[in-house]
Amino acid sequence: MMISTFSLPYSEQAVFDLRDRLERTRWPDTIEGSGWAYGFDRDYLEGMCRYWAQAFDWKHEVESLSSWKHFVADVEGTRIHFVHERGRGPNAIPLLLLHGWPGSFLEMLKLIPLLTNPEAHGADLADSFDVIVPSLPGFGYSGPTRSAGINTRRISELLALLMCELGYERFAAHGGDFGAGVSCWLARKYPERLIGIHLNYIPGSYLPGLASDTQLSAEEFQFQRDEQEWEERWGAYSHLQLTTPLTLAYGLNDSPAALAAWVLEKFRDWADCDGDLEKRFTKDELLANVTLYWMTETIHSSCRLYFEGRKAPLHLNRGEQISVPCGIAHFPKEAPFPPRSWIERGYNVQHWTEMPRGGHFAAMEEPKLLAQDIRTFFRRFR
């Protein structure tokens, strides 16, 4: 396996092309005063794209991101970019921080100093971690992927190999969204290597191995109803990405305005922001993530992870439980979220925290709360 340092690329020509495309956006008609009723509000998107074209500084973002230690590895023919920062403490636990869609490795960066050097942030230095933040294959600088079959199960295999190459025979993992799926597959496939997993999301394909006569509780029945209602109301994006990601990608890969609408809609809907994106995120934070997708042309390969995931759902066998110790941080705007009883049917839950605020993008929204919970959970394994 080849691992080498990685310098983040920057192209002035690509920035010029992006700005030119934004200036030439052909906007659809709208019904006056309809706001967000039919989808992403045009007035807001026009303002965001105007800022993107005229004020957003991608060169500055790249220079800032370059302060982290970046590497790239070829793992069995799959490219994996990752940030690797060592902990300051005497017994740092190696920890994978795993993002999801439509996020990127940028999602996890606020956590790094809180976990590598907790003493500088009012916590105990003994709770430090060696932090590894990969870009999942198909995302950002790890993409685009060029072969079929790259799903969360396969990604877990690749990351297990990478961690071994980095000298970490045993390690921990934290994830949300697809990152939670990868964490679960790591725990399921390599229980002897996983110290524990910490999750702020439960994979949508998770299904415990129940006996035919298993009686579900009232809260489990309610969760199933809530999940179905959520899919009917909000799940169109998922169905498209599960079935025809390439058809979708023609537009998103060609139009930065379309890409911004598709990605930012999810941040608005899933974050704890009451419909106001800039209550939780700055324009630069939001656009750095979208620009990363644009510059690396990875919207198709990232969406394709939905399609590939159908081949590897997290369906447990009858009586099977993921034995690795599991910590759960439940952020209130992460919905639908299974009840504890449903999760414990398949996970060895040893820690559970009901968070006072936050949503799907917990590492960006509430990094201090999340870092504190990660430190607390893994303290028992030091």
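In this predicted model, Asn151 sits in the loop that links strand 5 (129-134) to helix 5. A loop position may sound like an open one, but the relative accessible area of Asn151 is 4%, and since buried means under 20%, this residue counts as buried. The side chain of Asn151 has a polar atom 2.9 Å from the backbone nitrogen of Arg154. Leaving aside residues up to four places away in sequence, Asn151 touches Leu305, Glu308, Gly309, Lys311 and Ala312.

Some of these partners lead straight to helix 12. This helix spans residues 299-309, and nine of its 11 residues are buried, so helix 12 is largely enclosed by the rest of the structure. Among the buried residues are Leu305 and Glu308, both of which are touched by Asn151; the others are Ile299, His300, Ser301, Ser302, Cys303, Arg304 and Tyr306. What do the buried residues of helix 12 pack against? Their neighbours are helix 5 (152-165), helix 6 (178-189), helix 8 (236-243), helix 9 (245-254), helix 10 (256-270) and helix 11 (283-296).

A further buried site is found at His70, in strand 2 (residues 70-75). His70 is classed as buried because its relative accessibility is 5%. Which side chain makes a polar contact with the side chain of His70? The partner is His81, at 2.9 Å. In addition, a polar atom of the His70 side chain lies 2.8 Å from the backbone oxygen of Leu65. Both His81 and Leu65 also appear among the residues that His70 touches, along with Ser4, Thr5, Phe6, Leu8, Phe82, Val83 and Phe105, when residues up to four places away in sequence are not counted.

Technical notes: Residues numbered from 1 in each chain as written. Predicted model: local features only at pLDDT ≥ 70, side-chain atom pairs only at ≥ 80, totals over all residues. Heavy atoms only, no water. Buried < 20%, exposed > 50% of the residue type's maximum accessible area, 1.4 Å probe, protein only. Helix = DSSP H or I, 4+ residues; strand = E, 2+ residues; numbered from the N terminus. Contact = heavy atoms within 4.5 Å. Polar contact = N/O pair within 3.5 Å; in protein donor to acceptor, adjacent residues only side chain to side chain.
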